Each structure stands twice: as structure tokens, then as C-alpha cells.
Amino acid sequence: TQSTRPQRILGAVQRNATRGDPRSVVRAIDQYCRNQEWAMNVGDEKGCILDSVVSEVNPATVLELGTYCGYSTVRIASLLPPHAKLITLEFNPEFAVIARQVFAWAGLEDKIQLVEGASGDLIPKMKEQFGVETFDLVFLDHWKDRYLPDTKLMEECGLLRKGSVLLADNVICPGAPEYLEFVRSSPRYESQYFKSHLEYTKVEDGLEKSVFLG
Ligand SMILES: O=C(NCCCCc1cc2ccncc2s1)c1cc(-c2ccc(F)cc2)cc(O)c1O
Ligand SMILES: [Mg+2]
């Protein structure tokens, strides 16, 4: 039977990356998706911006919305301090199966908790079910029309504190216009745009970093 793109990405990791070496996993996925077939990983160019924000925030608690094959999850987890906690939400069970194997290959499964389900259902359960107080960093990379409602939901659920950082992928392509308008005009956020390109292409895209002011 025909393999899926996530299965082929996992194959590229298992063939080309070294077990327990997260950077080699990231490199193997980037080389495959740049040379063989495009996939919606944040990619190497935007990935460097993600790395710099993670290093600057040095978060103890991270929420990622949208796991896919776990490329950005591995990038983030490889930069976290020892007892930090990364929760990543994935809606598609087939993606989740692949991502868990990518985390295992990278040797990061102890730092990452993958939860399957829709962000709108899971965010209200974060405190009681996952023992989370607030998130120091949130990486938004799921359905683009959920960025704004889920940001409002995280505020309502008390999951953001003064200084929490939201980092949103794809604010230009595919685009999240309502989200951009909100974080750039709200007095409760300090926003900054990092211009880049859509993964593995020359198309413009970028990341929006927004600090919650409380
Ligand atoms: O859709 C994208 N990403 C979200 C996938 C949706 C997965 C979800 C996870 C989850 C978890 C919890 N609740 C609900 C959800 S829904 C996406 C798309 C492109 C793109 C760009 C140009 C194209 F021509 C074609 C695709 C590029 C990207 O970097 C993306 O991130
Ligand atoms: Mg994306």
C-alpha cells in the first residue's frame, strides 16, 4: 500500500539521522523536504528564528499547537533546560503516530508530552489534566483560523501570565489576518514581526512574536 508523506519523512529520519542526536533529526527532515518533497515543517530558516526566541525565553513550560511530524517540537525540546515541560497538541492521529517515533529517534520522548485532540477542547483542560499553571512560551502552528480564538481561550483559562510569549508561524502564508490584527492592535500585547520565507521556498512568510502584558 502507498506510504504517506509523514511515513516517508520518518523513513528519512531513520535512514539519515543518528539516534539520540536531535540536530541530526532536524537536518535529516530539512534535507528530505528540501530535496525530495515539500512538507509543512516550520523549516530551517524560520527554525533559526524559533531557536533564538526559545533560547531568549528559556521557558520552563511550553505549549505547541500543531505537532505534525514533530520537527518544531524536536527543535524546541532540544533547547529546553533539564526539568522543562513541553506539551504539544495534535489533531490528526496519523501525524501523532509518526511524531512519537521522531521524538524517540531524537531521544527526547521524556521532555515531550504529545496530546491528541482539538485545541479548543484541550486548552480548557490544561490546568486540571496536565498540572499546568501558565505557559512561558506558546508556539502556534495549527489551523490558522484557530490562532485568535485559541489565544482568547488561553487568556480566559488563565494560562498566560505577564511576560508569556506567543510565537505564531505562517502569519503571512497561509496567513492569520484576524490574529495579526488582534495582537498588533491590542494594548495587552507587544508584537514583533520576524520576516522570513515559507519553509523550503522563496515565498514570503514570517513569525509573529507577541508578549502578553497581563
Ligand atoms: O496548515 C498548516 N498547519 C496546520 C495543520 C493543521 C494541524 C492541526 C493541529 C491541531 C492541533 C490541535 N487542534 C487543532 C489542530 S489542526 C500549515 C500549512 C502550510 C502551507 C503553506 C502553503 C501551502 F501552499 C500549503 C500549506 C504551511 C505551514 O507551515 C503550516 O503550518
Ligand atoms: Mg506552520
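1. Start with the hairpin of β6 and β7. Six residues lie between its strands, and Tyr200 takes a positive phi near 65° there. Keep in mind that this is a predicted model.

2. The two arms of that hairpin, β6 (residues 189–197) and β7, run antiparallel and are joined by 9 bridges. One pairing to look at is Ser196 in β6, whose bridge partner in β7 is Asp205.

3. β7 also pairs with β5 (residues 160–168). The sense is again antiparallel, over 4 bridges. Here Leu166 stands opposite Ser210 of β7.

4. How much of β7 is covered? Strand β7 spans residues 204–212, and 7 of its 9 residues are buried. Buried here means under 20% relative accessible area.

5. Now the ligand. Ligand 1 has 19 residues around it; Ser119, Asp141, Lys144, Asn170 and Glu199 come nearest. Both β2 (85–90) and α9 (171–175) supply at least two residues each to the shell.

6. Which atoms of the protein make polar contacts with ligand 1? Among them is a polar side-chain atom of Glu199, 2.6 Å from a ligand oxygen. A polar backbone atom of Ser119 is 2.8 Å from a ligand nitrogen. A polar side-chain atom of Asp169 lies 3.2 Å from a ligand oxygen. Taken alone, ligand 1 exposes 680 Å², and the protein buries 79% of that.

7. Where does ligand 1 sit? The space it takes is the largest pocket.

How values were computed
Residues numbered from 1 in each chain as written. Chains lettered and ligands numbered in written order. Predicted model: local features only at pLDDT ≥ 70, side-chain atom pairs only at ≥ 80, totals over all residues. Heavy atoms only, no water. Buried < 20%, exposed > 50% of the residue type's maximum accessible area, 1.4 Å probe, protein only. Pairing = 2+ DSSP bridges. Near = heavy atom within 4 Å. Polar contact = N/O pair within 3.5 Å; in protein donor to acceptor, adjacent residues only side chain to side chain. Areas by Shrake-Rupley, 256 points an atom, 1.4 Å probe, with all protein chains shown as cover. 1 Å grid on protein atoms, 1.4 Å probe; cavity = no way out; pocket = protein on both sides within 12 Å on 5 of 7 lines; lining within 4 Å. Sits in = over half its atoms within 2 Å of the grid points.
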